[in-house]
2 protein chains.
Amino acid sequence: MVTKQFGDSPEEADLRRADSLAREIFSDIANKWALLIIEALGERTLRFSELRDEVEGVSHKMLTQNLRMLERNGMVERTVHPTVPPRVEYTLTEPGRALRKAVDVMCDWTHRYLGHIETARSRFDS
Amino acid sequence: MVTKQFGDSPEEADLRRADSLAREIFSDIANKWALLIIEALGERTLRFSELRDEVEGVSHKMLTQNLRMLERNGMVERTVHPTVPPRVEYTLTEPGRALRKAVDVMCDWTHRYLGHIETARSRFDS
DNA sequence: CGGTATCCTAGCCGATACTG
DNA sequence: CAGTATCGGCTAGGATACCG
């Protein structure tokens, strides 16, 4: 992940392209709301409004914005049911479910080390 | 990770506290620079200036800021060698190395699905 | 209900300069 | 070399209002 240095020969041009794409994607997903949305979806299919309730604290705007981004990157699938009122459902795709594994590890980590962190903090803050 | 709902009995007070702490920590680490720094450190010990070269694109300010945060949360250890010029080294702690595993999974994911994502994007952008 | 657009503000973050 | 402080632009992101 850490960035490599490329020369300027033609063959290295698309290595550099792939690398910058990787960094771009990493920036996309290394964000609080994106990760929480992915975690909230899990194995379920959820409507927009269900997601908004599930991911506490997320605003309407941030939710749509991140969902668009996740859809664009092929991590979630969006299905619109043409009813009134409209019903829009979101599901993780296969890549999305793979990413979710990583998010799970992060969540587990957070809970596992809560104690460590709390004591580390009070030591630091003094 | 997804937030739970608590009542307002006393016993539930520290459940709520733990939950909010977990969310706070999650917000801390779900950020581009923090994750890239952790990944850059890996199993190595690096000086400040080495880190700045290693984590491409990071500014002086963001680097110090994130390093403080990571130190405060007990994820990295900071050792100052009292020489002139000063020499400051950073290493992952045990919790930090555990977190790194999660970051590794994310990095692997990014590279593994680069192709998927690229095609998903061009489909979406049309 | 879900999405888009518009405004408006807090704070992120880069640039710069200064200490030990 | 590493860290802190300050200034300023800019954008992330909340609130609100309005469409299909």
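Which residues have the most contacts inside the largest nonpolar core? They are Leu51(A), Leu99(A), Trp109(A), Leu51(B) and Leu99(B), in a core of 75 residues. A nonpolar core here is a set of buried Ala, Val, Leu, Ile, Met, Phe, Trp, Tyr and Cys residues joined through side-chain atoms within 4.5 Å. Buried means under 20% relative accessible area, exposed over 50%, and partly exposed in between, with a 1.4 Å probe and protein chains only.

The model is predicted, so local features need pLDDT of at least 70 and side-chain atom pairs count only at pLDDT 80 or more, while totals for chains, interfaces and linings use all residues. Residues are numbered from 1 along each chain as its sequence is written, chains are lettered from A and ligands numbered from 1 in the order in which they are written, and side-chain values use heavy atoms, with hydrogens and water left out.

Leu99(A) touches residues of both chains: Ile29(A), Ile38(A) and Met75(A), and also Met106(B) and Trp109(B), not counting residues up to four places away in sequence. Contact means heavy atoms within 4.5 Å. Between the two chains, 50 residues of chain B are in contact with 50 residues of chain A. The area buried there is about 5100 Å², and carbon and sulfur atoms give 68% of it. Arg72(B), Trp109(B) and Arg121(B) supply 15% of the area that chain B buries against chain A, more than any other three residues. Buried area is the accessible area (1.4 Å probe) that two parts lose on being put together, summed over both.

Two residues show the interface in detail. Arg121(A) is in helix H6 (residues 114-124) of chain A; helices (H or I, at least four residues) and strands (E, at least two) are DSSP runs numbered from the N terminus. Arg121(A) counts as buried because its relative accessibility is 8%. Outside the residues up to four places away in sequence, Arg121(A) touches Leu21(B), Glu24(B), Ile25(B), Asp28(B), Arg72(B) and Asn73(B). Lys32(B), in helix H2 (residues 32-41) of chain B, is partly exposed at 28%. The side chains of Lys32(B) and Ser27(A) are joined by a polar contact of 3.4 Å, that is, a pair of N or O atoms within 3.5 Å; within protein, one must be able to donate a hydrogen and the other to accept it, and residues adjacent in sequence count only if both atoms are side-chain atoms.

DNA strand D has 15 residues around it, and Ser59(A), Lys61(A), Phe48(B), Ser49(B) and Tyr90(B) come nearest. A residue is near a strand if one of its heavy atoms lies within 4 Å of it. A polar side-chain atom of Ser59(A) lies 2.4 Å from a phosphate oxygen of the strand, whereas for Lys61(A) the partner at 2.4 Å is a base oxygen. Ser49(B) has a side-chain N or O atom 2.7 Å from a phosphate oxygen. Of the atoms of DNA strand D within 4 Å of the protein, 57% belong to sugar or phosphate and the rest to bases. H4(B) gives the most to the surface near the strand, with 3 residues.

The backbone has a further feature. Most peptide bonds are trans. The bond from Val84(A) to Pro85(A) is cis, with omega near -5°, and a cis bond also joins Val84(B) and Pro85(B), with omega about 0°. Pro85(A) lies in the loop between strand S2 (76-81) and strand S3 (87-92) of chain A.
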